[in-house]
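Student: I would like a close look at a single part of this protein. Could you pick one place where helices pack and walk me through it?

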Amino acid sequence: MLTFKNYNIADWFSFYRIAAAPFILGFIWFDQQLICASLLAVSYATDAIDGFLARKLKITSPRGSQLDSFGDQITLVVGLIALFYFEKEFIIKNVLLIAIAFVPYIIQMLIAYFKYGKATAFHTYLAKLSAVMQSAFILYALFFDPNYILFYIMIGIGLLETFEEITLIFMYPHWASDVKGIYWAYRDKRRLKKSNL
């Protein structure tokens, strides 16, 4: 039975991102762009901290990985809502390119839920780099103005990361967490053992 004692410090950072989401949405509703951007910056910072703590303290777990991924997804959605609200003109101008990047992500999520019954939590190097670029672009846009160089880099890395995630889903017959990338997946004993069952 899960109780509060079962959760470690890395999990609580993930919980923070989930709990912060409604407050960020509230500040979007009240048109408080600076406060919204500041809270998003804190959420993005906790994303970096919880992963570091989990590895440093050796408290990684499948549950923690899934919780971290859920917190990431919630923060991404809230960040995109903020971007759409405060930078609507930019979004409308680049809607086609955004759709090209976003549709494969939705497809990847659907494939994962169909196969595993839940979202992936591979936490690949590309996923981490993509998260950094997303947060950098969104925060820069909210604190200053949208930067097209950051935007194009974010789109490119995001597409690469999504296609890698889809490939990994087909490589792993069962849900697995903390896979660094396709290269490492080929040597992953978890995948090899599962595939022989």
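**A buried glutamate and its helix pair**

Tutor: Glu165 has a relative accessibility of 4% and so counts as buried. Keep in mind that we are reading a predicted model. Glu165 sits in helix α7, and that helix makes a good place to start.

Let's begin with what surrounds this glutamate. Once neighbours within four places in sequence are set aside, Glu165 is in contact with Gln108, Thr120, Phe122, Thr124 and Ala127. Phe122 is 43 residues away from Glu165 in sequence, yet their C-alpha atoms are 7.6 Å apart in space. Right after Phe122 in the numbering comes His123, which belongs to the loop between α5 and α6 (125-143). His123 has a positive phi of about 55°, although it is not a glycine. His123 is also buried, because its relative accessible area of 17% is under the 20% cut-off.

Another of the contacts of Glu165, Gln108, takes us to the partner helix. Helix α5 covers residues 95-116 and helix α7 covers residues 148-171. Two packed helices are described by the angle between their axes and the distance between the axes. Here the axes come within 10 Å and cross at roughly 20°. An angle under 35 degrees counts as roughly parallel, so α5 is roughly parallel to α7. As for handedness, the crossing of these two helices is left-handed.

Which residues make up the contact? On the α5 side they are Leu97, Ile98, Ile100, Ala101, Pro104, Tyr105, Gln108, Ile111, Ala112, Lys115 and Tyr116. On the α7 side they are Phe151, Tyr152, Ile155, Leu159, Thr162, Phe163, Glu165, Ile166, Leu168, Ile169 and Phe170. Sorted by class, the contact has 18 nonpolar, two polar and two charged residues. Glu165 is one of the residues in this contact, as well as being buried at 4%.

It helps to set this pair in the whole protein. There are nine helices and zero strands, so to speak a run of α-α-α-α-α-α-α-α-α along the sequence. Of the 197 residues, 42% count as buried. Among contacts with a separation of 6 or more, 74% join residues 24 or more positions apart. The accessible surface comes to about 11,400 Å², and 71% of that belongs to carbon and sulfur atoms.

For another buried residue, turn to Ala82 in helix α3 (residues 62-86). Ala82 has a relative accessible area of 0%, which means that it is buried. Not counting residues up to four places away in sequence, Ala82 touches Ile28, Cys36, Leu40, Glu87 and Leu142. Its C-alpha atom is 10.0 Å from that of Ala141, a residue 59 positions away along the chain.

Finally, set Asp31 beside His123. Asp31 lies in the loop between α1 (9-29) and α2 (33-56). Asp31 has a positive phi of about 65° and is not a glycine, just as His123 has a positive phi without being one. Their exposure classes are worth noting too: Asp31 is partly exposed, at 47% relative accessibility, whereas His123 is buried.

Note on methods. Residues numbered from 1 in each chain as written. Predicted model: local features only at pLDDT ≥ 70, side-chain atom pairs only at ≥ 80, totals over all residues. Heavy atoms only, no water. Axes fitted to C-alpha atoms, helices over the stretch in contact; angles between N-to-C directions. Helix = DSSP H or I, 4+ residues; strand = E, 2+ residues; numbered from the N terminus. Parallel < 35°, antiparallel > 145°, perpendicular 65-115°, else oblique. Left-handed = near helix turned anticlockwise from the far one by under 90°. Contact = heavy atoms within 4.5 Å. Nonpolar A, V, L, I, M, F, W, Y, C, P; charged D, E, K, R; others polar. Buried < 20%, exposed > 50% of the residue type's maximum accessible area, 1.4 Å probe, protein only. Areas by Shrake-Rupley, 256 points an atom, 1.4 Å probe, with all protein chains shown as cover.
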